[in-house]
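Work through the following exercises with the coordinates open, and compare each step of your own reasoning with the solution given beneath the task.

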Amino acid sequence: MLKRPHYIALGLVGLLTLIVLNLPSHSVNQIKIGIGSLFLPMFGLAKSSHQIVDQATTAILPRGELIRQNEQLRSTNQQLQFRAMQSDAVMRENDQLRQLLGLQKQARWKLKLANLILRDPANWWQTVEIDVGTRDGIKPDMPVLTPTGSLVGRIVNVKLTHSQVALIGNPNCRVAAMIDKTGETGVISDVASVLDHSLVTLSYLSNNTNLKPGQGVITSGMGGFFPKGIPIGQIAEDSKTVEFGLYTEARVKLSANLSTLEEVFVLIP
């Protein structure tokens, strides 16, 4: 049998039912909305969870597809790097051509363009071979310049189609030199350091020569091989007295980068 509390509860439920049934329709709708709002967060959470699972499932790709996309990206990156290298090479070539054209316009002598074709590893800093020879009017002792007009060396051996160049710093390529602005003269004889072939020795300067780092050094025109005024380099350090005080010498930093030569000019009188 039902206990007394149960009868009271049933009575209250019945009373509430009668009250709801007798309420106006707009009041019933408001009650439904209020009850629905209590359970809406639960339904929304459930729906959001399903959406997250669906999105995660869609985002997960098969391993093979991921590998394929990774390889495609790597290939695209390599192609872009190669194109960037090609662009840099074209820019360097254009700069070299502009330098060559500028020197041809400024030079007082006839110039013959030549390409380096051989460099002996055993004499890397001593000689190079270029692709012009007797058929091009090349003769021994002709000066050789960089595209910017700096001294490289002189022709020492000539064949029909190619020639050998003794580089500045080679004992076989002594250069009569002069300190720009002051007129002090000396001789470029050989390299000043076995560790740095861009430094050469300027010897036989007078004892009262006042040298300072950064002073320009050019050909003096007194050696018979090189016209006056060709840039050689700059004084790299203070001078020093040698050979029992008979003369002064200094080190010169070459203007020409002999390690990166590709094209040169041969000066033809």
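**Exercise 1. Find which aromatic faces Arg119 and Arg154 lie over, and give the distances from the ring centres.**

Step 1. Apply the criterion: a charge sits over a ring if NZ of Lys or CZ of Arg is within 6 Å of the ring centre and within 35 degrees of the ring normal.

Step 2. Arg119 lies over the face of Trp125, 5.8 Å from the ring centre, and Arg154 lies over the face of Phe225 at 4.8 Å.

Step 3. Keep the basis of these values in mind: this is a predicted model, in which local features need pLDDT of at least 70 and side-chain atom pairs count only at pLDDT 80 or more, while totals for chains, interfaces and linings use all residues. Residues are numbered from 1 along each chain as its sequence is written, and side-chain values use heavy atoms, with hydrogens and water left out.

**Exercise 2. Determine how many aromatic pairs there are, and classify them.**

Step 1. A pair of aromatic rings is described by the distance of the centres and the angle of the planes. Rings of Phe, Tyr and Trp (its six-membered ring) pair if their centres lie within 6.5 Å, and planes under 30 degrees apart count as stacked, over 60 as edge-to-face and the rest as tilted.

Step 2. By this rule the count is 2 aromatic pairs. Tyr204 and Tyr247 have ring centres 4.7 Å apart and planes at 40°, so this pair is tilted. The pair links distant parts of the chain, since Tyr204 belongs to strand 8 (residues 199-205) and Tyr247 to strand 12 (residues 247-254), 43 residues apart; strands here are DSSP runs (E, at least two residues), numbered from the N terminus.

Step 3. For Phe225 and Phe226, the centres are 6.4 Å apart and the planes stand at 90°, so the pair is edge-to-face.

Step 4. Add the accessibility classes, where buried means under 20% relative accessible area, exposed over 50%, and partly exposed in between (1.4 Å probe, protein chains only). Tyr204 is partly exposed at 46%, whereas Tyr247 is buried at 14%; likewise Phe225 is partly exposed at 34%, whereas Phe226 is buried at 6%.

**Exercise 3. Describe the strand pairing and burial around strand 8.**

Step 1. Two strands pair if DSSP finds at least two bridges between them. Strand 8 and strand 12 run antiparallel and are joined by 5 bridges, with Thr248 in strand 12 as the bridge partner of Leu205.

Step 2. Strand 7 (residues 185-191) pairs with strand 8 in the antiparallel sense over 3 bridges, and Ile188 has Leu202 in strand 8 as its bridge partner.

Step 3. As to cover, 6 of the 7 residues of strand 8 are buried.

**Exercise 4. Establish how strand 6 is enclosed and which strands it is joined to.**

Step 1. In strand 6 (residues 175-179), 5 of the 5 residues are buried, so this strand is largely enclosed by the rest of the structure.

Step 2. In a regular strand the side chains alternate between the two faces of the sheet. Here Val175, Ala177 and Ile179 point one way and Ala176 and Met178 the other way, and all are buried.

Step 3. Strand 6 is joined to strand 7 by 4 antiparallel bridges, and Val175 has Ile188 in strand 7 as its bridge partner. It is also joined to strand 9 (residues 216-219), again antiparallel, by 3 bridges, with Val217 as the partner of Ile179.
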